[in-house]
Amino acid sequence: MAKPVRTLLPFSLLLTVFLASLWLGQAAKDEDAAATAKVYKVLIIDGQNNHQWAVTTPVLRQALESSERFEVEVSTSPPKGADEGWDTWRPAFADYDAVLSNYNGELWPEPVRDAFEDYVKGGGAFVVVHAANNAFPGWPEYNEMIGLGGWGRRNEANGPYIYYKEGQLVRDDSKGRGGSHGKQWEFPVQIVDPTHPITKGMPETWKHAKDELYSELRGPARNMKVLATSPSKATKRDEPMIMVLEYGKGRVFHTPMGHADYSMQCEGFFTTLQRGTEWAITGGVTIPMPENFPGSDAVVLP
Ligand code: ZN
């Protein structure tokens, strides 16, 4: 009686075929992953800011879209002092994977505030850039989301100062204004948590483009982690420069960097914004560190 053909094949051939099929399968999977890497929808909010939002929003869009992992849309609020337009300005937060605020101005109408709170609390992603942390000092839930803010008559009633001093995180309840900055300069960003998905692989210190180094920010700072700091010449403290927060089921990525278009034109800023936005959406980071990421000695243009 003939044996089945299969058992007549040499074992080594079977093993080779088996390993080759595994390898081909993995290669196909890798290709699929690259081809189908999810593209996330991001909504930028602008329209009012004591900064040039009409100039910086296109740079923020470029920073995100250049990774080919984000598609950006913009919702522009009515201008400051407008009597009309507020009744119909209703950004559809829930249609987006992330909301990025480039807004610092009049308080949003209550339905917009409620929708935004529901969005983040329900698991949405929020990205806070520079003067967006000056906005809404009197809106408690917004301040919970951003963790730290400045100006707008913020003071000790808004929460502690948070900074690093001699390598230690300090929560400082002393009295005083919230928010200050010195002259703009090309300052170093120092990674204090190299294990977080956003900062993993970043050099310990990298040079950021000319910017305002925000200092003396204060706020509730709950459920907040500081990932990076920068040394303020004014306060002699290491001020928070990259923060992540949890708010309800949502995640918040907050960077006080980004005063002007030239501050954002920085490979370090681009990469940080991309990875921070992805983390806020998914809780992980797959966007790789670019080879031209800055080191400690020079600013790198994107
Ligand atoms: Zn500024």
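# Notebook: contacts, zinc site and charge pairs

**Entry 1. S263.** I began with S263 and listed its contacts beyond four places in sequence: H208, A209, K210, D211, G258 and F269. The model I am reading is a predicted one. I placed S263 in helix α6, which covers residues 261-264. I then asked whether S263 is buried or exposed. S263 counts as buried because its relative accessibility is 0%. I looked next for a polar partner of the S263 side chain and found the backbone oxygen of K210 at 2.8 Å. K210 is also one of the residues in contact with S263. Finally, I took a C-alpha distance: S263 and Q184 are 79 residues apart along the chain, and 9.5 Å separates their C-alpha atoms.

**Entry 2. The zinc ion.** Which atoms coordinate the zinc ion? I recorded NE2 of H51, NE2 of H130, an OE atom of E212 and ND1 of H259, at distances of 2.0 to 2.1 Å. Along the chain I read the spacing of these donors as H-x78-H-x81-E-x46-H. I looked up where two of the donor residues sit: H51 is in the loop between β1 (40-46) and α3 (53-65), while E212 is in the loop between β9 and β10 (214-215), so this pair ties together parts that are 161 residues apart in sequence. Both H51 and E212 are buried.

I then turned to the geometry and asked why the arrangement around the zinc ion is irregular. The 4 donor atoms subtend angles of 94 to 157 degrees. A tetrahedral assignment would require all angles to lie between 85 and 135 degrees. The angles found reach 157 degrees, and the arrangement is therefore classed as irregular.

**Entry 3. K207.** I located K207 in strand β9, residues 205-207. What is the nearest side chain of opposite charge to K207, and how far away is it? I found E186 at 4.3 Å. A salt bridge needs the nitrogen and the carboxyl oxygen within 4 Å, so K207, although buried, has no salt bridge. I did find the backbone oxygen of D297 at 3.5 Å from a polar atom of the K207 side chain. For the surroundings of K207, I set aside residues up to four places away in sequence and noted contacts with E186, F187, P188 and C266, and also with P294, G295, S296, D297, A298 and V299. E186 and D297 are thus both among the residues that K207 touches.

**Entry 4. Salt bridges.** How many salt bridges does the whole structure hold? My search of the whole structure gave 4. I describe three pairs below.

- I found E65 paired with R61, with the closest N and O atoms 3.5 Å apart. Both residues lie in helix α3, 4 residues apart, about one turn of the helix. I recorded E65 as partly exposed because its relative accessible area is 30%, and R61 likewise counts as partly exposed, at 31%.
- I found E144 paired with R222, with the closest N and O atoms 2.5 Å apart. E144 belongs to helix α5 (residues 140-146) and R222 to the loop between β10 and β11 (224-231), so the pair ties together parts that are 78 residues apart in sequence. R222 counts as partly exposed, with a relative accessibility of 46%.
- I found D172 paired with R237, with the closest N and O atoms 3.8 Å apart. D172 is in strand β6 (residues 168-172) and R237 in the loop between β11 and β12 (238-247), so the pair ties together parts that are 65 residues apart in sequence. I noted that D172 and R237 are both buried.

**Entry 5. T271.** I placed T271 in helix α7, residues 267-282. T271 counts as buried because its relative accessibility is 1%. Which residues does T271 touch, leaving out those up to four places away in sequence? I listed M289, P290 and F293. I also compared T271 with L64: they are 207 residues apart in sequence, yet 8.7 Å apart in space, C-alpha to C-alpha.

**Entry 6. Whole protein.** I closed with the totals. I counted 7 helices and 13 strands in the protein. Of its 302 residues, 49% are buried. I also looked at contacts between residues at least 6 apart in sequence and found that 68% of them join residues at least 24 apart.

Methods:
Residues are numbered from 1 along each chain as its sequence is written. This is a predicted model: local features need pLDDT of at least 70, side-chain atom pairs count only at pLDDT 80 or more; totals for chains, interfaces and linings use all residues. Side-chain values use heavy atoms; hydrogens and water are left out. Buried means under 20% relative accessible area, exposed over 50%, partly exposed in between (1.4 Å probe, protein chains only). Lys and Arg count as positive and Asp and Glu as negative; His and the chain ends are not counted. A polar contact is a pair of N or O atoms within 3.5 Å; within protein, one must be able to donate a hydrogen and the other to accept it, and residues adjacent in sequence count only if both atoms are side-chain atoms. Contact means heavy atoms within 4.5 Å. Donors are N, O and S atoms within 2.8 Å of the metal (3.2 Å for Na, K and Ca); water is not among the atoms, so sites may look incomplete. Four donors count as tetrahedral if all angles lie between 85 and 135 degrees; four count as square planar and six as octahedral if opposite donors are over 155 degrees apart and all others between 65 and 115; anything else is irregular.
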